[in-house]
Amino acid sequence: MRIGFAVPLSGAWASPANMVRIARRAEELGYHEVWTFQRLLYPRGHAMGPVYRSVHDPVVTLAYLAGVTERVRLGVAVLNMPFASPPLLAKQLASLQAVSGGRLDVGLGLGWMPEEFTASGVSFERRGRRAEEYVRLLRRLWSEETVEHRGEFYELPPVHQDPKPPTQPPILLGGSAEVALRRAGRLADGWISSSREDLGRIDERIYIVKESARAAGRDADALRFVTRGVTQVRPAGAAERAPLTGSFEEIRQDVAALGAKGVTDVFHDLNFDPEIGSPEADPRESMRRAEAALEALAP
């Protein structure tokens, strides 16, 4: 199993200096990937929690980290497709793949917050159909000399988009509904679980994705299954503890259990711990705890 770690992206600890410290140390310790996520807006008075209140842009963050690391892969889980046009995102990601030396992992999602759709000028309806057209158009822009497209959601006159990425980055799709899981099996290089996923039943999700891949004539065993680990370090032995919450030893056991369920990649994301990733948390204490976890949970 491949182990990753999320860089500081949310809250008071998410400074450029701390991003670099975590990414470089993760690379030194042999982590396979460092990860980011996207939150475009935070509606006033929303109940989704403080960790979403202040979040840096993931693409800019990864471009920054590409210049200060050499080997560790750079992932985003996830970019919401409706918020940017396919040509714009294709151009940004192609450049990021180039400047990183081919280290990019692209997670894509549909989005779920109506306010972000309103602000982006995009309809909330038919998001799944939009995603299918979007993924195919991205791959065409990364590979074809001339692209002409007239679809349900997007239209391109005959155009060139260069330079192409040196290699196409893997596309990993999110989503938890069965239709989204089957879409990942048909179209993507893998699937990424959300921060709210029931990790005790993740093997059921993986089964659906693989079944869909096989039905489409694809190699299901080649797919990646990435778990966003909402990791919270707490005292050992808590009753009815959630997976990836507890002592370092308990968390390591949980990672092994996820591997047995078919997960290929787990990344520990401390941004979603309100004691670390909220605007009110002490950034120095957050970094102290994060660096301890980075050392203790290293592969």
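Strand β3 spans residues 73–80 and contains V78, a residue worth a look for its backbone. In this predicted model, the peptide bond that joins A77 and V78 is cis, with omega at about 5°. A second cis peptide bond links D162 to P163, and here omega is about 0°. P163 lies outside the strands, in the loop between β6 (155–159) and β7. As a reminder for anyone scanning the backbone, most peptide bonds are trans, and most residues other than glycine have a negative phi.

The phi angles offer their own points of interest. The loop between β10 and β11 (245–246) holds E240, which is not a glycine and yet has a positive phi of about 55°. L244 is found in the loop between β10 and β11 as well, and its phi is also positive, near 70°, although L244 is a residue other than glycine. What sets these two residues apart is their surroundings. E240 counts as exposed because its relative accessibility is 82%, where the cut-off for exposed is over 50%. L244, by contrast, has a relative accessibility of 0% and therefore counts as buried. A further positive phi, near 110°, belongs to G262, which follows helix α8.

Helix α8 itself (248–260) is a convenient place to continue. Its 13 residues reach 19 Å from the first C-alpha to the last, close to the 18 Å expected at 1.5 Å a residue. E250, I251, D254, V255 and L258 are the buried residues of α8. Viewed down the helix axis, these buried residues fall within an arc of 145°, so they line one face of α8. On the face turned away from that buried side, α8 carries the exposed residues A256 and A260. The partners that pack against the buried residues of α8 are β1, α7, β9 (224–230), β10, β11 and β12 (265–269).

Between α8 and β12 runs a loop that includes V263. With a relative accessibility of 6%, V263 counts as buried, since the cut-off is under 20%. Leaving out residues up to four places away in sequence, V263 touches M1, I202, I206, F225, T227 and L258. One of these, L258, is among the buried residues of α8. In space, the C-alpha atom of V263 is separated by 35 Å from that of A119, a residue 144 positions away along the chain.

Helix α10 (residues 283–296) can be described in a similar way. Its 14 residues should span 20 Å at 1.5 Å a residue, and the end C-alpha atoms are indeed 20 Å apart, so expectation and model agree. S286, M287, R289, A290, A293 and L294 are buried in α10. Seen down the axis, they fall within an arc of 165°, and so the buried residues line one face of the helix. The elements that cover them include β1 (2–6), α1, β10 (232–233), α8 and α9 (274–277).

How do the axes of α1 and α10 cross, and how far apart do they come? The axes of helix α1 (residues 16–28) and α10 come within 10 Å and cross at roughly 10°. Such an angle makes α1 roughly parallel to α10, as angles under 35 degrees count as roughly parallel. On the α1 side, N18, R21, I22, R25 and A26 make the contact, while α10 contributes M287, A290, E291, L294 and E295. Sorted by class, the contact has five nonpolar, one polar and four charged residues. Three of the α10 contributors, M287, A290 and L294, also appear in the list of buried residues of that helix.

A last group of residues brings together helices α6 and α7. In α6 (residues 178–187), the buried residues are A180, L181, R183, A184, G185 and L187. They pack against α5 (127–143), β7 (171–173), β8 (190–192) and α7 (202–215). On the α7 side, S212 belongs to the helix and is buried, with a relative accessible area of 6%. Setting aside neighbours within four places in sequence, S212 is in contact with R182, G185 and R186. R183 and S212 are 29 residues apart along the chain, and their C-alpha atoms are separated by 7.7 Å.

Methods
Residues numbered from 1 in each chain as written. Predicted model: local features only at pLDDT ≥ 70, side-chain atom pairs only at ≥ 80, totals over all residues. Heavy atoms only, no water. Axes fitted to C-alpha atoms, helices over the stretch in contact; angles between N-to-C directions. Helix = DSSP H or I, 4+ residues; strand = E, 2+ residues; numbered from the N terminus. Parallel < 35°, antiparallel > 145°, perpendicular 65-115°, else oblique. Contact = heavy atoms within 4.5 Å. Nonpolar A, V, L, I, M, F, W, Y, C, P; charged D, E, K, R; others polar. Expected span 1.5 Å × (residues − 1). Buried < 20%, exposed > 50% of the residue type's maximum accessible area, 1.4 Å probe, protein only. Arc of directions from axis to C-beta.
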